[in-house]
Structure formats: C-alpha cells, structure tokens
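Welcome! Here is a friendly first tour of a structure that may be new to you. Please keep the view open as you read.

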Amino acid sequence: MVKNRSIFLDYSNTITTVESENMAIEKWLSFIRDKYNLDQGMNEKFLELRLKKLVERERNFKTFMEINREVLNELYGIKEIYEEEYYRFHEKYLRLRDDFLPFMKEVKATFSVVVVTDADNIYTERTMRSLGIYDLFDCIVTAEDVKAPKPDRRIFEEALRRSGYPEQVIFIGDSERRDIQGANNMNFLVIKMGDPSRDTAADFVATNFTEILKILEERGLLK
C-alpha cells in the first residue's frame, strides 16, 4: 500500500555522523599517502580540489569515485586509487547517529522513507549493508541513478516517482545548498540537520533525530 506521506532523507552526514565520515576519508587518504610516499599536506590538497570538482559536478555529472580518481591524477599523476580500500574504510568506520534507528521505528508506520543521496550506487549499497540499514527504506535514489546531484530537480523527481507521488514530503538533510535549497525548490517541508545558530532557509533545524521526532509530533504528523 502506497503511503500518502513520505520522508526523504539525505544519507552522508545526516543518517551517518560527520565524525565517522571524516574518519573514513582520512583513513583512505592516509593509505594513499603511505602507498605513494606523498607529502603531509596531501589530505588538504585533495579535499580542496575535490570540493571544487563537486561544485562542477552539478553541471557536468561524474561519480564520486571518478572525481577521486581525477583529483589524485591531477595532483600527483596517480592512476591506481585503491577503490576497494576506499569502500572498506567506509564500511569499517562509518557510524549511524545514535537515535536514527529509534527514529525509523517511530516513523515507518506513518511515512514511506526514501533515501535521496548524492553518493554512488556501489558506495551506497555497500556502506548501508555494512551498517545494517539497506533494507529499512522503501527506496533509495542516488545521483548516479539520474546522472544529476542535488539540488537538481531530477533526483527529487525520481524519488517522488519511486515513492508513488505522495501528497506530502518532509525532507531532512544537512547541506544548505544541495539539500535545503533543492528541497525548497520542490516545495517540501524542510528540516535541516545542523547547527541551529546558523542561518538557514529550512523550515526547521534539529541537531538529532530525537528533535526531528518532536517537530513531527508538534505538527501532528505522527500517528
């Protein structure tokens, strides 16, 4: 039975913790640095150039892994970037927010829950399976599926299509540009997972899923 309300969730830094995401990428970069005997500033150089390419990705789509390869090749002429180790470090170090599973237990009766992520397909499936959450969602939509990352409408429209065009969508994400701007453009009810002291275009701000449940309850959106 198709539910007439959906929660669309970002994945990285929303379902997972920022600290664990940073740890996983740091471990992989340290592995690359040791393999090629690179300079100590390699991590900073990589992340800076990668960020620029992620912005360019909105106009010229590439997977995260293609961008990783491009950055290391441009910086150091590296061809072998050890993709398997990249996945393994993320499988090992990624952690869920502590209150995510209780949140899911509360909302599943009322909402279909859809992941809308800019991550690649292989990364998303492997890390979600390692976290034991892959089968919790009604569907998962990646930027790779539609060759367009957030805030592009296409990824949101695909999520709407797969979830049966619900009457109401609540979007939860952490990025002001990709998540909040993109969801606002779709006229969703938007909750930002982040610092409440910072300016945002979201309808609400929460620092954890427990606070999000409270917002939903106060608006009468939970059974």
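What follows is a short lead and then bullet points grouped by topic.

Please bear in mind that this is a predicted model. Its largest pocket has a volume of about 970 Å³, and its largest nonpolar core has 53 residues. The structure also holds 15 aromatic pairs, and a few backbone details are worth a look too.

**The largest pocket**

- Rolling a probe the size of a water molecule over the atoms reveals where empty space remains.
- In the largest pocket, 35 residues make up the lining. To find its centre, look for Asn 13, Arg 50, Leu 54, Phe 64 and Arg 178, which lie nearest to that point.
- Which elements give two or more residues to this lining? They are helix H1 (18-36), helix H2 (42-56), helix H3 (64-76), helix H4 (83-93) and helix H9 (176-185).
- By residue type, the lining of the largest pocket splits into 15 nonpolar, 7 polar and 13 charged residues.

**The nonpolar cores**

- In soluble globular proteins, nonpolar side chains tend to be buried together.
- Within the largest nonpolar core, the residues with the most contacts are Leu 9, Trp 28, Phe 100, Phe 103, Phe 137 and Leu 216.
- What does Phe 100 touch, leaving aside residues up to four places away in sequence? Its partners are Leu 9, Ile 15, Ile 133, Leu 136, Phe 137 and Phe 209.
- Apart from the largest core lies another one, of 21 residues, and Phe 61, Ala 148, Phe 156 and Ala 202 are among them.

**Aromatic rings**

- Of the 15 aromatic pairs in the structure, one is formed by Trp 28 and Phe 46. The pair is edge-to-face, with 5.7 Å centre to centre and 75 degrees between the planes.
- Trp 28 belongs to helix H1 and Phe 46 to helix H2, so this pair ties together parts that are 18 residues apart in sequence.
- Both Trp 28 and Phe 46 are buried.
- The two rings also belong to one aromatic cluster, formed by Tyr 11, Trp 28, Phe 46, Tyr 86, Tyr 87 and Tyr 123.

**Two residues of helix H3**

- Leu 72 has its place in helix H3. Is Leu 72 buried or exposed? Its relative accessible area is 0%, so Leu 72 is buried.
- Leaving aside residues up to four places away in sequence, Leu 72 touches Trp 28, Ile 32, Met 42, Phe 46, Gly 77, Ile 78 and Ile 81. Notice that both members of the aromatic pair described above, Trp 28 and Phe 46, are among these contacts.
- Between the C-alpha atoms of Leu 72 and Asp 118 there are 20 Å, and the two residues are 46 residues apart along the chain.
- Met 65 also lies in helix H3. With 6% relative accessibility, Met 65 counts as buried because the cut-off is under 20%.
- Met 65 touches Ile 81, Glu 83, Tyr 86, Tyr 87 and Asp 120, again not counting residues up to four places away in sequence. One of these contacts, Ile 81, is 16 residues from Met 65 along the chain, and their C-alpha atoms are separated by 9.1 Å.

**Backbone details in the loops**

- Most residues other than glycine have a negative phi, and most peptide bonds are trans.
- Tyr 82, though not a glycine, has a positive phi of about 60 degrees. You can find Tyr 82 in the loop between H3 and H4, where it is partly exposed at 22% relative accessible area.
- Tyr 165 is not a glycine either, and its phi is positive at about 50 degrees. Tyr 165 sits in the loop between H8 and strand S4 (168-173), and with a relative accessible area of 55% it is exposed.
- The peptide bond from Lys 150 to Pro 151 is cis, with omega near 10 degrees. Look for Pro 151 in the loop between helix H7 (143-146) and helix H8 (153-162).

**A loop residue and its contacts**

- Where is Ala 201? Ala 201 is in the loop between strand S5 (189-193) and strand S6 (204-206), and it is partly exposed, with a relative accessible area of 48%.
- Ala 201 touches Glu 176, Ile 180 and Asn 184, not counting residues up to four places away in sequence.
- From C-alpha to C-alpha, Ala 201 and Gln 181 are 7.3 Å apart in space, while in sequence they are 20 residues apart.

Key:
Residues are numbered from 1 along each chain as its sequence is written. This is a predicted model: local features need pLDDT of at least 70, side-chain atom pairs count only at pLDDT 80 or more; totals for chains, interfaces and linings use all residues. Side-chain values use heavy atoms; hydrogens and water are left out. On a 1 Å grid over the protein atoms alone, a cavity is a set of points where a 1.4 Å probe fits but cannot get out, and a pocket is an open set with protein on both sides within 12 Å along at least five of seven lines; lining residues have an atom within 4 Å of a point. Grid points are joined across faces, edges and corners, and a volume is the space filled by probe spheres set on the points. Helices (H or I, at least four residues) and strands (E, at least two) are DSSP runs, numbered from the N terminus. Ala, Val, Leu, Ile, Met, Phe, Trp, Tyr, Cys and Pro count as nonpolar, Asp, Glu, Lys and Arg as charged, and the others, Gly among them, as polar. A nonpolar core is a set of buried Ala, Val, Leu, Ile, Met, Phe, Trp, Tyr and Cys residues joined through side-chain atoms within 4.5 Å. Buried means under 20% relative accessible area, exposed over 50%, partly exposed in between (1.4 Å probe, protein chains only). Contact means heavy atoms within 4.5 Å. Rings of Phe, Tyr and Trp (its six-membered ring) pair if their centres lie within 6.5 Å; planes under 30 degrees apart count as stacked, over 60 as edge-to-face and the rest as tilted.
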